[in-house]
Amino acid sequence: MTARLADHGAWATPVYLDARPITLTGVIAAPNRAARDGAIEQLISAVALTDTVLTIEETVPKQTTVRRSGELVVEPLNSAGATYSALVTAADPRRYSTVLQSQSTALPSTSGGLVLPIVLPLTIGTTVSGGGFTLSNEGSIATRPTFTITGPVASPIIACTQPDGTVIRLAYADTLGDGDVLTIDCDAHTAMLPGPVSRRRYLSAQPTWPEVLPGSSLQVQWSASSYDPTALLTGTCRSAWM
C-alpha cells in the first residue's frame, strides 16, 4: 500500500507472494541403533543444499522445489529412535501438481479445395489441421507454461489466447535448423538452445508473457513463415496453487 497524499487511505499496488519457508518435523523409528543412524544419514542427504523436489501427499498431490535454509536438528529418543526438524525454503512459493501436462502439435496444414473454370456461386472448402492445443490449470493461482520448438522452422510465432479473448504472442525472429530445439520458459523469461545458449534477443513477448489463469485454460496456436511437416511445438505446464 502507498499512502494517499492529503486524503484517507492508501493506493493499492500489486501484491506478490514471498518465498515459502517450510518446516519439516517427524520421528525416526528403527529396529536398532545402526538402522537409526543410517536413517539419520539418509535424512541429512535428503535435506540438501541444492534444489530438491518436495512432494506432499494430499488428496491432490502437490510438489515444490526447496533448498535447506536452516539447521537440521536431530534429537535421539533412545537407541532406536529420534525426532527431527528441518527448515527448507521454496524460492517459488507456488505449490504445483505432480502431474506434468504435455501437448504437442505440428504446424497447421491445409488440405482439400478445388479451382474450377466456372463462375457459378460454387464453394469447395479446405480443411486446416494441426497447429494448436490447450493447456489447463485446475489450481488457485496462475501457472506459466514452457514451450519447446523443434526445427526446422523459420520465424515461428506462438499465439496464446486467454478466456477473455486476449491474445499474447511470442515471436522468434530467427531460424531453427533441422533438430534444433528452442526452449522458451515463460516463468524465467528465457529462450535457450542446448549448451546452454541464450537466444532471448531474438524473442519478443507481446504484450506480456503468457500464463494459464487459475481454473481456466489457454488456447495455443502457432505458425511460421514456411511449412515443414517435421517442425514441432510442445507445451508443458503444471496446475498451481497458492
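Student: What is the volume of the second largest pocket?
Tutor: Happy to start there! In this predicted model, the second largest pocket has a volume of about 280 Å³.

Student: What makes a residue such as Met242 part of its lining?
Tutor: A lining residue needs an atom within 4 Å of a pocket point. Met242 is listed in the lining of the second largest pocket, together with residues including Tyr16, Asp92, Arg94 and Glu211. By class, that lining has eight nonpolar, no polar and four charged residues.

Student: And what makes up the lining of the largest pocket?
Tutor: The largest pocket holds about 420 Å³ of space, and its lining has 21 residues, with Thr65, Asp92, Tyr96, Asp187 and Arg238 nearest the centre. Two elements give two or more residues each: strand S5 (62-68) and strand S23 (232-237). S5 gives the most, with five residues. The classes here are six nonpolar, seven polar and eight charged.

Student: Why do Tyr172 and Tyr202 count as an aromatic pair, and is it stacked, tilted or edge-to-face?
Tutor: Their centres are 6.1 Å apart, and the limit is 6.5 Å, so they pair. The planes make an angle of 70°; over 60 counts as edge-to-face, so that is the name for this pair. By this rule the count comes to one aromatic pair.

Student: What does that pair tie together?
Tutor: Tyr172 lies in strand S16 (residues 167-172), while Tyr202 is in the loop between strand S20 (197-198) and strand S21 (203-206), so the pair links parts 30 residues apart in sequence.

Student: How do you know whether each of the two, Tyr172 and Tyr202, is buried or exposed?
Tutor: Buried means under 20% relative accessible area. Tyr172 has 2%, so Tyr172 is buried. Tyr202, at 26%, counts as partly exposed, because that class lies between 20% and 50%.

Student: Why is Arg4 said to sit over the ring of Trp11?
Tutor: The charged end of Arg4 is 4.1 Å from the ring centre, and the cut-off is 6 Å, along with a limit of 35 degrees from the ring normal. Lys62 also lies over a ring face, that of Trp241, at 4.7 Å from the ring centre.

Student: How do you know that S19 and S20 pair?
Tutor: Pairing takes at least two bridges. Two bridges join strand S19 (residues 190-193) to S20, and the strands run antiparallel. In one of the contacts, Met192 has Ser198 of S20 as its bridge partner.

Student: What makes S20 an edge strand?
Tutor: S20 pairs on one side only, as does strand S9 (101-106). The open sheet has six strands in the order S9-S23-S13-S18-S19-S20, with antiparallel pairing.

Note on methods
Residues numbered from 1 in each chain as written. Predicted model: local features only at pLDDT ≥ 70, side-chain atom pairs only at ≥ 80, totals over all residues. Heavy atoms only, no water. 1 Å grid on protein atoms, 1.4 Å probe; cavity = no way out; pocket = protein on both sides within 12 Å on 5 of 7 lines; lining within 4 Å. Points joined across faces, edges and corners; volume = space filled by probe spheres on them. Helix = DSSP H or I, 4+ residues; strand = E, 2+ residues; numbered from the N terminus. Nonpolar A, V, L, I, M, F, W, Y, C, P; charged D, E, K, R; others polar. Phe/Tyr/Trp six-rings, centres within 6.5 Å; stacked < 30°, edge-to-face > 60°. Buried < 20%, exposed > 50% of the residue type's maximum accessible area, 1.4 Å probe, protein only.
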